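Open the model in a viewer and keep the selection panel at hand. The stops below say what to select and what is found there.

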Amino acid sequence: HVPLVLFAQAKVPDAEIVSNWKTTKPGPPNKLGVTISKSAKVFNGYTFFISFKDEAAMLIDMEGNLVHRWQRALGAEWHFAEMLPNGHVLVVANERGYSTTRNGMQRVFELDWDSNLVWESFAKGHHDAERLDNGHTLIVCNGNAIYPELNDDQVVYDYLQEVNQEDEVVWEWHFAPHVKQIRKLVGEIPPTKALGDYPHINTVESLPENPLEVKDKRFRKGNLLISARHINVVFIIDKESGDVVWAWGPGQIMGQHEPTMVENGNILLFDNGRGGFPDLPERSYTRVIEIDPLRNEIVWEYKSDPPEDFISYVGSGNQRLPNGNTLICAMNWYGRIGRIFEVTREKEIVWEYWNPYQERIYR
């Protein structure tokens, strides 16, 4: 299942999970590890995920056996980790929090196969980072700001930075100047909330080569695909101009995570079914959908039968595998935590894994 990227958010007390997500089913299943495996239908490979309590990343085989482990203890949770082609891991570690008075540690670093530190950035990273083809690193950052376009009060505000190997900022993008562009494309968006992070960017992906770019330059390689959870919008920015050139979501998705462009140019994303703030409406189920961005239409979706049996309102993610199956990570599921499962195009579950560390898996 490489190169699936999985990471975990901050610890939430069990009582809060029950309160927020209407837990009506029992806790963890009787069996942990691999619980379903239909070998003739799965994509055979390793799966990579992190254990934020241990500040470690694990690689497991199809039977759930540990193949390798990376670790670096800083006293801060590993919010994100990605395995690089050379066997190194890129990690975003922070003491999570969205108060404007927070003083937590925020680091982005790279470890080699033996967990030796080979690179580090002091960017204010959270949620996502990507190593680009030129060796630079693209990072989702946050800081305190007042933006009159959005709010009269100071908020924790998201922005993007690209840093080089010397940790120098070589490119930066801010959301606020582009609000009018997004509104023009999708209509009104939810306002900021006092002290809350906005718009809560949880994914940034540099678009790969794809069949759409020969038809429409909005989707050319190197443009950036972004998820803004608190406004229920996924959008693409032109990397050179910074303009928002495509946006979609309001009225269709709620509190989404991990939009990613698949081989045919469509966009796969995890549609949580609940917005980023408690007072926003919610749907009674979660789904994974595939969007044709040229037509702004949903062309495939996975949901449970009945739909209410699959709910993960926070975190979570998805990956299209080379055999056409989809690997899904459910961070929370009726109070159960750390579920990964693989479904076919016909929506049959052919592999399932429950985290034996009993920790939530973010993506």
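Select Glu-205 and Thr-260: their side chains make a polar contact at 2.7 Å. A polar contact is a pair of N or O atoms within 3.5 Å; within protein, one must be able to donate a hydrogen and the other to accept it, and residues adjacent in sequence count only if both atoms are side-chain atoms. The model is predicted, with local features needing pLDDT of at least 70 and side-chain atom pairs pLDDT 80 or more, while totals for chains, interfaces and linings use all residues. Residues are numbered from 1 along each chain as its sequence is written, and side-chain values use heavy atoms, leaving out hydrogens and water.

Glu-205 sits in strand E13, residues 201-206. Helices (H or I, at least four residues) and strands (E, at least two) are DSSP runs, numbered from the N terminus. Which side chain of opposite charge is nearest to Glu-205? It is that of Arg-363, 7.1 Å away, and Glu-205 is buried yet has no salt bridge. Three cut-offs apply here. Buried means under 20% relative accessible area, exposed over 50%, and partly exposed in between (1.4 Å probe, protein chains only). Lys and Arg count as positive, Asp and Glu as negative, and His and the chain ends are not counted. A salt bridge is a side-chain nitrogen of Lys or Arg within 4 Å of a carboxyl oxygen of Asp or Glu.

Expand the selection around Glu-205. Leaving aside neighbours within four places in sequence, Glu-205 is in contact (heavy atoms within 4.5 Å) with Glu-130, Asn-223, Leu-224, Leu-225, Pro-259, Thr-260 and Met-261.

Now select Arg-363 together with Asp-128. Their side chains form a salt bridge of 3.2 Å, N to O. Asp-128 belongs to strand E9 (residues 125-131) and Arg-363 to the segment after strand E24 (349-354), so this pair ties together parts 235 residues apart in sequence. Asp-128 and Arg-363 are both buried.

Next, select Asp-238 and Arg-220, another salt bridge, whose closest N and O atoms are 2.7 Å apart. Asp-238 is in the loop between E15 and E16, and Arg-220 in the loop between E13 and E14, so the pair ties together parts 18 residues apart in sequence. Asp-238 is buried at a relative accessible area of 10%, whereas Arg-220 is partly exposed at 27%.

Stay in the loop between E13 and E14 and select Lys-215. Buried or exposed: which is Lys-215? At 64% relative accessibility, it counts as exposed. Measure from its C-alpha to that of Leu-294: the two residues are 79 apart in sequence and 9.6 Å apart in space.

Move to E15 and E16. These strands run antiparallel and are joined by 4 bridges; two strands pair if DSSP finds at least two bridges between them. They form a hairpin with 6 residues between them, and Gly-242 in the turn has a positive phi of about 85°. Select Val-234 to find its bridge partner in E16, Trp-248. Strand E16 (residues 244-248) has 4 of its 5 residues buried, so it is largely enclosed by the rest of the structure.

Within E16, pick Ala-247. Ala-247 counts as buried, at 7% relative accessibility. Not counting residues up to four places away in sequence, Ala-247 touches Leu-185, Val-186, Val-233, Val-234 and Phe-235. From Ala-247 to Val-186 the C-alpha distance is 6.5 Å, across 61 residues of sequence.

Asn-232 lies in the loop between strand E14 (224-228) and strand E15 (233-237). Asn-232 is buried, at 13% relative accessibility. A polar atom of its side chain lies 2.9 Å from the backbone nitrogen of Gly-255. Beyond neighbours within four places in sequence, the contacts of Asn-232 include Trp-248, Pro-250, Ile-253 and Gly-275.

For the last stop, select Arg-287 and Asp-271, a salt bridge with closest N and O atoms 2.8 Å apart. Arg-287 is in strand E19 (residues 287-292) and Asp-271 in strand E18 (residues 267-271), 16 residues apart. Both Arg-287 and Asp-271 are buried. Add Arg-283, Glu-301 and Lys-303 to the selection: salt bridges that share partners join these with Asp-271 and Arg-287 into one network.

Finally, zoom out to the protein chain. Its secondary structure comes to 2 helices and 24 strands, and 59% of its 363 residues count as buried.
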